[in-house]
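Here's a quick tour for anyone meeting this structure for the first time. Have a look at the picture, then read on.

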Amino acid sequence: MSKPLNIGLIGYGFMGRTHSNAYSQVSHFFDTEYKPVKKAVCGRDKEKAQAFADQWGYESVETDWKQLIARNDIDAIDICTPNNLHSGPAIAAAEAGKTILCEKPLAIDSEEAEKMCEAVEKAGVPNIVWYNYRRIPAVTLAKQLIDEGRLGKIFHYRANFLQDWTINADLPQGGAALWRLDAEAAGSGVTGDLLAHCIDTAIWLNGSITDVSAMTETFVKERMHNLTGKMEAVKIDDACAFLCHFGNGSLGLFESTRYARGHKALYTFEINGEKASIRWDLHDLNRLEYFDHSDDSVVRGWRTVHITDGDMPYMDHWWVPGLCIGYEHTFIHQVADFLKSLETGEAAGPTFRDALETQQVCDAVLHSAKERCWTDVAG
Ligand SMILES: NC(=O)c1ccc[n+]([C@@H]2O[C@H](COP(=O)([O-])OP(=O)(O)OC[C@H]3O[C@@H](n4cnc5c(N)ncnc54)[C@H](O)[C@@H]3O)[C@@H](O)[C@H]2O)c1
């Protein structure tokens, strides 16, 4: 028996599109009891919201997220707005008993994120945060290999997320598309935007981070603000690097910047264990590199595994061995797992509480950089 899950989407930008695509596709490829129904999209500009609704097949439009949450025909609220507009809708949706899917980072800071956790837990509503990179089949496979003990004791975790789109000093801050440069809307720069992804994956694969030592830099100190029309100080971190200890005794090294000329979205990680190592690269997302020390020495070396066979995570839902999937599929996988979790009652991570841990690491990183000292991760 199929059950509808009526979705109310807030924000129809980049993520609004990836999520809408996932709602449209998921039931063609995954067999779940709950089926998403694109019930309403909410945006401040009615005409643009209507155009989005027409293009993506939403049944109706709202211009005020409070009205959307008040509707009895909406089961789940999906929050795809800038970071400063996650907590308000999430807490209101929890109080209204709605299921919630929220974009990352969960909030502006841990204090706000903690309140969101309390709200969903008090209301007992299903919740998930869109740290979608967990659901790239190669990354999910890395998790399986680690959990099977194939790497043995882990010594090192290394991750980078490199971009180059803010090098131009004439790029303004604030408003549509450029809210990421405005600390009011974003909370932080690359730490909350990019490193948060690396931290979520790292905690998932390698366990909790206990303490950090970080440095940040803002290369362009002033930019014109689109909302005020004035030159204003840039308060986000343009680049961030940090060292950390994990609870399992391994050492971590993370770097992110929007000033790495030539890199658009180079998310990579490498994990070194006593028996084996793993390496992954978003630009080649269907491959996992693997080095197994137990191989015969004459053939021992890094091997590249193409993650397309039907026995690889999620791949039995797609095409035939050898044929690739892409970025958009990570969102479809997340929706599929979330719908399944509604059926089984077993939460699909990362929950708000999981995402709070990532937020606490981000806060510790920013504190460490500001105070120039090692900082324990709260929690
Ligand atoms: N999971 C990922 O990989 C990933 C990738 C990109 C962005 N994100 C996150 O998704 C969120 C949105 O980012 P984006 O890239 O889609 O941004 P975007 O600028 O493309 O879209 C933001 C949308 O929010 C809308 N909005 C702003 N204020 C609103 C309000 N008061 N009421 C209703 N709508 C409002 C805007 O009109 C726009 O449609 C951010 O939290 C970001 O960090 C996650």
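## Strands side by side

First, a bit of vocabulary: two strands count as paired if DSSP finds at least two bridges between them. Keep in mind that what you're looking at is a predicted model.

With that in hand, take G8, which sits opposite I77 of strand β4. That strand covers residues 76-79, and its pairing with β1 is parallel, with four bridges.

## β1's other partner

β1 (residues 3-10) also runs parallel to strand β2 (residues 34-42), and eight bridges hold the two together. To get from β1 to β2, the chain goes by way of helix α1 (residues 14-29), making a right-handed β-α-β crossover. If you'd like one pair to look for, P4 has K35 as its bridge partner in β2.

## Around the ligand

Now for the ligand, which has 24 residues around it. G11, G13, F14, M15 and E103 are the closest of them. Helix α1 supplies three residues, the largest share of this shell.

What is the shell made of, in terms of nonpolar, polar and charged residues? The split is 13 nonpolar, seven polar and four charged. Both domain 1 (3-132) and domain 2 (135-376) chip in, with at least three residues from each.

## What the record adds

An unreviewed UniProt entry marks residues 141-279 as "domain: GFO/IDH/MocA-like oxidoreductase". Across residues 141-279, the model shows 20% helix and 37% strand. The C-alpha atoms at the two ends of that stretch lie 12 Å apart.

Methods
Residues are numbered from 1 along each chain as its sequence is written. This is a predicted model: local features need pLDDT of at least 70, side-chain atom pairs count only at pLDDT 80 or more; totals for chains, interfaces and linings use all residues. UniProt positions are given in the numbering used here, feature names are shortened, and annotations may be inferred rather than shown by experiment. A crossover is right-handed if, with the strands pointing away from the viewer, the path from the first strand over the helix to the second runs clockwise. A residue is near a molecule or strand if its C-beta atom, placed from the backbone, lies within 6 Å of it. Ala, Val, Leu, Ile, Met, Phe, Trp, Tyr, Cys and Pro count as nonpolar, Asp, Glu, Lys and Arg as charged, and the others, Gly among them, as polar. Domain bounds come from an automatic or database domain assignment.
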